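Thank you for asking me to look over this model with you. Please open the sequence and the structure side by side before reading on.

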Amino acid sequence: MNTVKQGNPSLLARIEHRSDWMRKGVEQGWIRPYERSLIAFMEKEYGSMPEDLIQAVCLLSLMEQAGHSQLPITLDVKSLANHLRLDEKGREVLARTKIDRKILLQSEMVTETDPSIVPDEHPDQKKPLILRGDSLSFRRFFLYERDIETWFQERSRRDAPADRQTVLQKIHELLPEDPETELNPVNGEGISELNWKKVALLLSLHKPCLIISGGPGTGKTTTIASMIRLHQDLTKRSLRIALAAPTGKAAGRMSESLRNVYDERGWRDDYIDELMSAEAFTLHRLLNRHQVRGLLPSTESNYLPYDLIIVDEASMIDLQLMHRLIQHTGPDTRLILLGDKDQLVSVEAGSVFSDICTKENNEFSKETCELLAAYGYKDVGITKAPSVPDDMIVYLTKSYRFHEHSGIGSLASAIKTNESSITEIRKRIDSSDSLEAVSFHYDKEGVAYFQNRFRERVRAMEFLTDPYEMIRLWKEEIWLTVLRRGQSGSDQLNRMLEDSYLHRGSIYRRSGWYHGRYVMITQNDYTLGVYNGDTGVCVDQGDGSFVVYIESGSDLKSFHPDRLKEYKPAYFLTVHKSQGSEFSHVRLLLPLEETPVLTKELLYTAVTRSREKFTLYGDLSMFASAVGKPAIRYTGLFQTHL
């Protein structure tokens with residue numbers, strides 16, 4: 001969010017004297033200092049603001065902070081209050097909200113654009129607000145979405161065909177065990193589908209941009225490893241390839257997974273060794289040529305110097321970061337985006353990956369179907385309503401990790417298909433050894449369970465000194481929470497565990513550090529080379545001193561505890577923080593009461609972090625109810641048809 005300087009106190013007082021709605025919101029705390037300063041700045045720049053506009057700007061800013069890029073001005077008060085997570089007093093004030101479209105358009109701050117088209121030119125540069133239909137947005141977010149749509153439109157062209165026979169031979173050599181068609185139990189027992197991994201490889205040769213979406217174990221890493229090998233084998237020179245992900249943790253997993261594929265398949269050579277010797281970037285670091293902490297290059301700077309850019313966990317990319325990425329991806333660079341459209345969307349404003357991946361099945365334009373038919377893939381469906389991004393998207397539908405009788409795969413499939421019957425969910429859980437549901441209450445007995453389990457795990461570290469082994473043991477099992485704050489939030493639960501343990505006099509500690517302490521980095525630190533999402537463990541050196549070992553990518557870096565500035569205990573993580581990671585056993589703790597954050601995407605993300613076992617703690621009816629509640633993000637990306 002852009003910084004807005006603190007507004008003039010007397011000006012703010014006059015504004016809040018005029019607007020009882022804003023004054024009440026400020027008093028209750030849900031209108032933040034940022035909104036106050038923003039209103040004061042806009043009134044100083046453009047003149048007195050009517051009540052409707054004050055309300056609209058405050059709510060638009062709050063909606064942006066909640067992850068939306070637009071404010072539907074006709075949205076009902078109950079839905080708006082849920083998105084902003086207001087209490088009863090806040091809802092009472094919000095009930096007095098009145099935003100008249102005509103009054104907004106009378107302001108010098110608002111310009112209107114036709115919702116059915118993407119304009120060729122920027123709206124009036126002097127007006128900070130854009131009204132498109134009944135959706136209001138800040139101009140910069142409107143332009144982000146417009147530029148992204150334009151970029152994808154320009155990348156919708158098809159490259160000249162390569163030697164088809166050579167291409168098919170190479171693909172068969174890379175994926176010899178994969179048939180041209182395969183059974184896909186997710187879509188129905190015994191249904192034969194095309195091998196979409198091979199289709200993705202073909203399209204990567206013809207599309208300047210390709211988007212691959214698939215759940216855990218659907219072969220995304222194998223597809224990318226094969227794609228790199230295919231492009232390199234068909235090129236007479238060494239390709240410049242960048243591997244990246246939104247977080248350091250996801251980037252590290254990407255590098256590690258690719259190394260494993262290359263080792264298993266014996267594809268190592270000098271080129272692959274050189275590629276794998278360089279760690280995958282975080283997107284921020286990829287876009288930051290000078291590697292200055294927290295800064296990104298301007299969009300006028302040079303294009304990134306790569307032939308191929310591959311980005312994993314693309315569902316985590318927010319609107320502003322995606323805009324930066326496409327602005328720095330030149331016309332001669334291929335961009336491959338990998339992700340899972342059913343996972344949680346980005347924390348910051350926007351939901352770019354899910355906004356792009358809206359087609360239901362693997363259907364393509366007539367032109368692309370003809371291209372695939374020329375390679376022998378003649379049974380590809382032709383879409384009845386083609387759109388620009390649809391032709392660049394391939395869904396990987398077969399799970400190689402979870403077979404059709406897998407409990408975790410079955411539960412994930414139920415969540416994806418909105419199977420919200422508590423009876424059906426209970427049946428799936430009871431029929432699998434890899435699933436378990438435990439009734440849990442936040443009472444003395446429940447807290448004691450946490451504390452005892454925590455002590456057991458820390459004691460297991462007592463005689464260990466190898467940080468690799470210690471981190472491996474911590475990663476075998478993870479507790480996930482829905483919320484970060486509050487009694488059932490990760491922050492308080494982590495604090496409770498450490499307080500109860502440290503108050504026992506038997507443990508040696510210094511400044512909160514103790515042997516076996518498991519932590520997560522919460523902010524990128526380019527100086528130390530550790531990134532948001534990296535985890536590590538504290539090891540007693542035997543002389544009264546401690547060293548913290550942080551696993552960043554495939555490296556283990558050691559630091560004196562005082563050098564780490566932004567970190568938290570990692571015994572409980574929010575589901576959001578777990579994205580890009582996998583664990584042998586995931587234990588999901590539901591909150592005390594239902595919350596708008598508890599959605600089907602959050603549950604799907606939590607379940608699919610599990611490799612072997614998933615345990616649910618809490619009310620099963622709350623879980624079932626959330627399955628039927630998809631996350632809603634109000635955005636304007638690829639919504640020109642509305």
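The numbered points below go from the whole protein to two single residues.

1. Please keep in mind throughout that this is a predicted model, and that the figures below are computed from it. The protein has 25 helices and 24 strands, so a reader should expect both kinds of element, each being a DSSP run counted from the N terminus.

2. Of the 642 residues in the protein, 56% are buried. The accessible surface of the protein comes to about 28500 Å², and carbon and sulfur atoms account for 47% of that area.

3. Among the contacts in the protein with a separation of 6 or more, 73% are made by residues 24 or more positions apart, which is a useful figure to hold beside the sequence when following the chain.

4. I would look next at Glu313, which lies in the loop between β10 (308-311) and α15 (319-327). Glu313 is a residue other than glycine, yet its phi is positive, with a value near 50°. Is Glu313 buried or exposed? Its relative accessible area is 9%, and because buried means under 20%, Glu313 counts as buried.

5. A second positive phi, near 60°, is found at Asn418, again a residue other than glycine. Asn418 sits in the loop that runs between α18 (407-416) and α19 (422-430). With a relative accessible area of 40%, Asn418 is partly exposed, because this value falls between the 20% limit for buried and the 50% limit for exposed.

Note on methods. Residues are numbered from 1 along each chain as its sequence is written. This is a predicted model: local features need pLDDT of at least 70, side-chain atom pairs count only at pLDDT 80 or more; totals for chains, interfaces and linings use all residues. Side-chain values use heavy atoms; hydrogens and water are left out. Helices (H or I, at least four residues) and strands (E, at least two) are DSSP runs, numbered from the N terminus. Buried means under 20% relative accessible area, exposed over 50%, partly exposed in between (1.4 Å probe, protein chains only). Contact means heavy atoms within 4.5 Å. Accessible areas come from the Shrake-Rupley method with a 1.4 Å probe; for residues, only the protein chains shown count as cover.
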